[in-house]
Amino acid sequence: MSDRLYVGTRKGLFEITRRPGVWDIADVHFLGDPVTAVLARRNVVHAALDLGHFGAKLWRRDGTEAWREIAVPAFPPKPEDAGDDPHPWTLGKIWNLTPGGADGRLWAGTMPGGLFRSDDLGESWSLIETLWRMPERRKWFGVAGGEQPGISTVLVDPRDSADIRVGVSCAGVWASTDSGATWRNINKGMDNEYMPPEQRGDPMTQDIHQLAHCTASPDVVWCQHHSAVYRSEDAGENWRQLKAARPSAFGFAVAAHPHDPKTAWFVPADKDERRVPVDGKVVVSRTRDGGESFQVLSRGLPQRHAYDLVHRHALAVDDSGERLAFGSTSGGLWISEDGGESWTGLDARLPPVAAVRFAVT
Amino acid sequence: MKGTTVPTVIFTRQLERFVAAPTVEVAGATLGEVLDAVFSENPALRGYVLDDQGALRPHVAVFVDGRPAADRTGLTDAVGPDDEIYVFQALSGG
């Protein structure tokens, strides 16, 4: 059970802690600076900043020591023969930070689609060249109003840290069973409805908003796709669309229950042109039967003229599966301690929220 | 500096929130040489001004002797010994 939450926003990193029954802001870091990803494990906190003018940066705090700027993932010199590469060989932003299972290992998913690995808690990074130099990578395309594709999710199999899956917006799901030496595009059974008809089923055109797996049963993977909600029981090879999703199938975020492979949460929105909560009501959608049915959870959430959108990394569940939190583009932050049945809003008006993570001890 | 004249590089004060960026006098005949000299003394500053490929970041403005840097990727603009180089941020909102 986690008592500490980190919320990365457009204007800083907010540290929120639980005192008996009440969650409140305990500290504010990097006030004024955009925070794009955060990770808090074993008393070490990483925060990725996107300074706009001055680029993406990575900072680390060990315990109560002062924050320290550490290395940022960097692309190698662009070769002469890469002139027609549609994507820049320059770090746009760090979109997620994921623990790698092995000691000191971290994965960083970035825009424009580079995957980086660190084996020293972020002191140094190396580009996974096999994925970046793959000819198919040039066909990946951009998201989020930008021209750059982004690696939105990295899943590391808890049973084998060499077995990883990355979800790309937009380029489907890619799998490696050898720590990134070789790659395979998986994800059969998805359909991207905004593509031309002959490309809708192509695994490589799938717009993977986010993936989440069940820690205890990691072959069970959930996907919030641009066009639908999917579930896989074979670690992302084959997907089944969950047609019962409601009140809509569009959204960005998904959280998987860490122990129960049949439970997951989504934060749906009116698709796709509007991207606001359906009927102006903020709700969380939960399934507890593997996607056969969904409950629309609204207790404690704004139900009148609420236009909060929840982005990919802004919904989190703790390691108990009981505590959840999500933050919105309007600066709302809600926390549940009962698996999503009821929610309490933080008494604050935060900047737009990009990333929410519970601290893991 | 010991009777010799070398270019002066002045950074926006905005950078001080993140990284030390004092005004420095360093030798160099091109913008690239001057910046290299700055960053060899202060490596943490490099990534704030240049991108992964060594080009000026898109929203960093550089003026050499009052003129905007013309070659933002090769950094070949000539720099005179009396020149002042200003490195600051282009405007943006939000």
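User: What makes chain A, with its 361 residues, agree with a compact globule?

Analyst: Its radius of gyration, taken over C-alpha atoms, is 19 Å, and a compact globule with 361 residues would have one near 21 Å, so the two agree. That rule is 2.2 Å times the number of residues to the power 0.38. Along its principal axes, the C-alpha trace of chain A spans about 55 × 50 × 40 Å. Keep in mind that this is a predicted model, where local features need pLDDT of at least 70, side-chain atom pairs count only at pLDDT 80 or more, and totals for chains, interfaces and linings use all residues. Residues are numbered from 1 along each chain as its sequence is written, while chains are lettered from A and ligands numbered from 1 in the order in which they are written.

User: Why is strand E12 of chain A called mostly covered?

Analyst: A residue is buried if 20 or more other C-beta atoms, placed from the backbone, lie within 10 Å of its own; 12 or fewer makes it exposed, and in between it is partly exposed. In E12(A), residues 150-156, 7 of 7 residues are buried, and that's mostly covered. For chain A, buried residues make up 50% of the 361.

User: How do you know that E12 pairs with E13 in chain A?

Analyst: Pairing takes at least two bridges found by DSSP between two strands. E12(A) and E13(A), residues 164-169, are joined by 6 bridges, so by that rule they pair, and they run antiparallel. Among the partners, A:Thr153 stands opposite A:Gly167, and A:Ile151 has A:Val168 as its bridge partner. Strands (E, at least two residues) and helices (H or I, at least four) are DSSP runs, numbered from the N terminus.

User: What makes E12 and E15 of chain A edge strands?

Analyst: They belong to an open sheet of 4 strands in the order E12-E13-E14-E15, with antiparallel pairing. E12 and E15 (184-185) of chain A each have a single partner strand, so one side of each is left without a neighbour in the sheet.

User: How do you know that the buried residues of helix H1 in chain B line one face?

Analyst: In H1(B), residues 31-41, the buried ones are B:Leu31, B:Val34, B:Leu35 and B:Val38. Down the helix axis they fall within an arc of 95°, so they line one face. The arc is that of the directions from the helix axis to the C-beta atoms. Their cover includes strands E1 (8-11) and E3 (60-64) of chain B.

Conventions:
Two residues are in contact if their C-beta atoms, placed from the backbone, lie within 7 Å.
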